[in-house]
Amino acid sequence: MAKGKGLASGGTVAVSRRERPPLQIQVNPIQPSQFNLAQSIAAVAFVNDLSRPRSRSLDGLRTVFGPTPAECRVALLVADGHTPKAIAEMIGVTGHTVHSQMKCIFPKTGVSRQSELIRRLLTN
């Protein structure tokens with residue numbers, strides 16, 4: 001147990017609701033000094049309402065992060081939960097092409113892993 005003095009890993013929990021899909025709450029630890037915040041802040045929480053429709057688009061993604069149209073297409077398919085292998089089959093390219101496009105997307109979106117990319121796309 002970190003007892004509030006370290007950065008333990010965060011986690012995700014589902015909060016059930018009677019008539020709608022559960023809310024997903026993800027808590028991530030942060031270092032306040034990285035964000036010039038008061039020392040009392042130790043984590044950030046993201047709440048995802050699965051019943052709320054998503055409105056991601058190629059144009060919106062290009063405006064926010066600046067990837068190419070091909071990179072946008074791959075990014076949106078990744079955010080929709082498809083694996084790189086499935087994406088390659090869906091759009092008719094090799095797996096190497098998909099991985100190459102993802103490597104180009106990462107620095108544009110400020111991430112370094114696929115899971116971070118998905119989180120970034122789903123929260124923007």
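The following dialogue works through the helix packing of a predicted model.

Student: How is the chain laid out from the N terminus on?

Tutor: The chain has 5 helices and 3 strands, and from the N terminus on its elements run β-β-β-α-α-α-α-α. Buried residues make up 24% of the 124 residues, and the chain exposes about 8500 Å², of which carbon and sulfur atoms supply 54%.

Student: Why is helix H2 called largely enclosed by the rest of the structure?

Tutor: A residue counts as buried under 20% relative accessible area, and 8 of the 11 residues of H2, which spans residues 69–79, are buried, so the helix is largely enclosed. The buried residues of H2 are Glu-71, Cys-72, Val-74, Ala-75, Leu-76, Leu-77, Val-78 and Ala-79. Just after H2, Gly-81 takes a positive phi of about 100°.

Student: What makes H2 oblique to H3?

Tutor: The axes of H2 and H3, the latter covering residues 84–91, come within 10 Å and cross at roughly 130°. Angles of 65 to 115 degrees count as roughly perpendicular and those over 145 as roughly antiparallel, and the crossing at roughly 130° fits neither range, so H2 is oblique to H3. The crossing of H2 and H3 is right-handed. In this contact Arg-73, Val-74, Leu-77 and Val-78 of H2 meet Ile-87, Met-90 and Ile-91 of H3, and by class these residues divide into 6 nonpolar, no polar and 1 charged.

Student: And what makes H2 roughly perpendicular to H5?

Tutor: Here the axes of H2 and H5 (residues 114–123) come within 9 Å and cross at roughly 90°. That value lies in the range of 65 to 115 degrees, so H2 is roughly perpendicular to H5. On the H2 side the contact involves Ala-75, Val-78 and Ala-79, and on the H5 side Gln-114, Leu-117, Ile-118, Leu-121 and Leu-122. The contact of H2 with H5 has 7 nonpolar residues, 1 polar and no charged.

Student: Is Ser-115 buried, partly exposed or exposed, and how do you know?

Tutor: Ser-115 has its place in helix H5. Its relative accessibility is 39%, which falls between the limit of under 20% for buried and that of over 50% for exposed, so Ser-115 counts as partly exposed. The C-alpha atoms of Ser-115 and Ala-79 are separated by 9.1 Å, although these residues are 36 residues apart along the chain.

Student: Why does Thr-109 count as buried?

Tutor: Thr-109 lies in helix H4, residues 95–109. Its relative accessibility of 3% is under the cut-off of 20%, and therefore Thr-109 counts as buried. Leaving aside residues up to four places away in sequence, Thr-109 touches Phe-65, Leu-117 and Arg-120.

Student: How do you know that H4 is oblique to H5?

Tutor: H4 and H5 pack at an angle of about 55°, with their axes 10 Å apart. Roughly parallel requires an angle under 35 degrees and roughly perpendicular one of 65 to 115, and about 55° satisfies neither, so H4 is oblique to H5. H4 passes H5 in a left-handed crossing. The contact brings Met-102, Ile-105, Phe-106 and Thr-109 of H4 together with Gln-114, Leu-117 and Arg-120 of H5, and its residues divide into 4 nonpolar, 2 polar and 1 charged.

Methods
Residues numbered from 1 in each chain as written. Predicted model: local features only at pLDDT ≥ 70, side-chain atom pairs only at ≥ 80, totals over all residues. Heavy atoms only, no water. Helix = DSSP H or I, 4+ residues; strand = E, 2+ residues; numbered from the N terminus. Buried < 20%, exposed > 50% of the residue type's maximum accessible area, 1.4 Å probe, protein only. Areas by Shrake-Rupley, 256 points an atom, 1.4 Å probe, with all protein chains shown as cover. Axes fitted to C-alpha atoms, helices over the stretch in contact; angles between N-to-C directions. Left-handed = near helix turned anticlockwise from the far one by under 90°. Contact = heavy atoms within 4.5 Å. Nonpolar A, V, L, I, M, F, W, Y, C, P; charged D, E, K, R; others polar.
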